[in-house]
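Work through the exercises below with the sequence and the 3D structure side by side. Try each task before reading its solution.

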Amino acid sequence: MIGGGLHVYITLVALLLSRAYVHALAVPADLETREAGSKYCTTSGSASICFAEFSSSPSNPTFRLAVPDKSAAPFDTLLQIIAPVSLGWAGFAWGGGMIGDPLTLGWPNGNKVTVSSRWATDRTVPAAYRGATYTTLSSSKNATHWSLEVVCSGCSSWSGGKLSTTDINTFAWAVSKNAVSQPASNASSFSIHTNVGMFTVDPGVAKVSQSSFDQYVAAQKAAPKLA
Ligand code: HEM
Ligand SMILES: *[C@@H]1O[C@H](CO)[C@@H](O)[C@H](O)[C@H]1NC(C)=O
Ligand SMILES: *[C@@H]1O[C@H](CO)[C@@H](O)[C@H](O)[C@H]1NC(C)=O
């Protein structure tokens, strides 16, 4: 038999090494990486498109992503964020973590949504990121949700990483229940997330033909809608 002290020691080491322990104490439940399960298809004018869709629960946003069928980054990307009105901001991390990748943030401002381009080098308010630029296709807020649809140039490739067109990509998200300090400004400060999570997307699910991508973007620019 193992002596008491050694047994406690072994148990402690086993506990420290176990994923369950790490998840229970250090990582919020939503950080357990999940797979974007479904495809969401929609139309705009005569254009149709499908997005990879992910939502961990109705109290967190739905994220939808579409990318053109290129053989390698860089390419423009389409992102939708549909957030419950209870959320003051929501962010999407293109490289799967807070630090060292393009962050796309949205927050409600009246009946519209402000988009903000950020980059974090540490675990404080992320700074403005000029490597990514956005075209807002639609943004709105109603009694239950606020929603944002953007084309991003610069979100598929960055210093230190890029999206894969063949392998699974991991993304991360963060949200806060607290409103940002200056909703009309994309340079606003805001407070730390109240929830974060990660999910993976198979490029096969998010890919659309370049012509579908372009036709959908053109149709949304002409008559924006977010279904
Ligand atoms: C006021 C701004 C922010 C502060 C002070 C902050 C701080 C932190 C801290 C202390 C952690 C580690 C502990 C924890 O999990 O809670 C963390 C993790 C995380 N943050 Fe932030 N954060 C901020 C904004 C953001 C934004 C805008 C995003 C995404 C758009 C984001 C995404 C994440 C993610 C995904 C994690 C967990 C995975 C990882 O470590 O990369 N954070 N943040
Ligand atoms: C805010 O918007 C301006 C004008 O589009 C842009 O030049 C700037 O980079 C944006 N800043 C952030 C933090 O998104
Ligand atoms: C409010 O907006 C959400 C997200 O765009 C949409 O799904 C929902 O149908 C809208 N509700 C109403 C009453 O229009």
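The protein exposes about 11,100 Å², and carbon and sulfur atoms supply 57% of it; accessible areas come from the Shrake-Rupley method with a 1.4 Å probe, and for residues only the protein chains shown count as cover. This is a predicted model, in which local features need pLDDT of at least 70 and side-chain atom pairs count only at pLDDT 80 or more, while totals for chains, interfaces and linings use all residues. Residues are numbered from 1 along each chain as its sequence is written, chains are lettered from A and ligands numbered from 1 in the order in which they are written, and side-chain values use heavy atoms, with hydrogens and water left out.

**Exercise 1. The whole chain**

Task: State how many helices and strands the protein has, and what percentage of its residues count as buried.

Solution. Step 1: the protein has 4 helices and 16 strands. Helices (H or I, at least four residues) and strands (E, at least two) are DSSP runs, numbered from the N terminus.

Step 2: 45% of the 227 residues count as buried. Buried means under 20% relative accessible area, exposed over 50%, and partly exposed in between (1.4 Å probe, protein chains only).

Step 3: among contacts with a separation of 6 or more, 62% are between residues 24 or more positions apart. A contact means heavy atoms within 4.5 Å.

**Exercise 2. Strand S7 and its partners**

Task: Find which strands pair with S7 and explain why S7 is largely enclosed.

Solution. Step 1: strand S6 (residues 89–93) is joined to S7 by 4 bridges, and the two run antiparallel. Two strands pair if DSSP finds at least two bridges between them. Phe92 has Thr104 of S7 as its bridge partner.

Step 2: strand S8 (residues 112–119) also pairs with S7 in the antiparallel sense, over 7 bridges. Here Gly106 has Val115 of S8 as its bridge partner.

Step 3: S7 and S8 form a hairpin with 2 residues between them, and Gly110 in the turn has a positive phi of about 60°.

Step 4: S7 covers residues 103–109, and 6 of these 7 residues are buried, so the strand is largely enclosed by the rest of the structure.

**Exercise 3. Two buried residues**

Task: Locate Gly91 and Ser188, and list what each one touches.

Solution. Step 1: Gly91 lies in strand S6. Gly91 counts as buried because its relative accessibility is 7%.

Step 2: leaving out residues up to four places away in sequence, Gly91 touches Phe63, Thr104, Leu105, Ala172, Trp173 and Ala174. Gly91 and Arg118 are 27 residues apart in sequence, with 9.4 Å between their C-alpha atoms.

Step 3: Ser188 is in the loop between strand S14 (169–176) and strand S15 (195–201). With 0% relative accessibility, Ser188 counts as buried.

Step 4: leaving out residues up to four places away in sequence, Ser188 touches Trp107, Arg118, Val180, Ser181 and Gln182. The side chain of Ser188 also reaches the backbone nitrogen of Ser181 at 3.4 Å. This is a polar contact, a pair of N or O atoms within 3.5 Å; within protein, one must be able to donate a hydrogen and the other to accept it, and residues adjacent in sequence count only if both atoms are side-chain atoms.

**Exercise 4. Surroundings of ligand 1**

Task: Which residues come nearest to ligand 1?

Solution. Step 1: of the 19 residues around ligand 1, the nearest are Met98, Arg123, Phe190, Ile192 and His193. A residue is near a molecule if one of its heavy atoms lies within 4 Å of it.

Step 2: a backbone N or O atom of Met98 is 2.7 Å from an oxygen atom of ligand 1. A polar side-chain atom of Arg123 is 2.9 Å from an oxygen atom of ligand 1, and one of His193 is 2.7 Å from a nitrogen atom of the ligand.

**Exercise 5. Surroundings of ligands 2 and 3**

Task: Which residues surround ligand 2, and which surround ligand 3?

Solution. Step 1: Ser116, Ser117, Ala128, Arg130 and Asn186 surround ligand 2. A polar side-chain atom of Asn186 lies 2.3 Å from an oxygen atom of ligand 2. The protein covers 49% of the 360 Å² of accessible area that ligand 2 has on its own.

Step 2: Ile82, Asn142, Thr144, His145 and Ser147 surround ligand 3. A polar side-chain atom of Asn142 lies 2.3 Å from an oxygen atom of ligand 3. The protein covers 44% of the 360 Å² of accessible area that ligand 3 has on its own.
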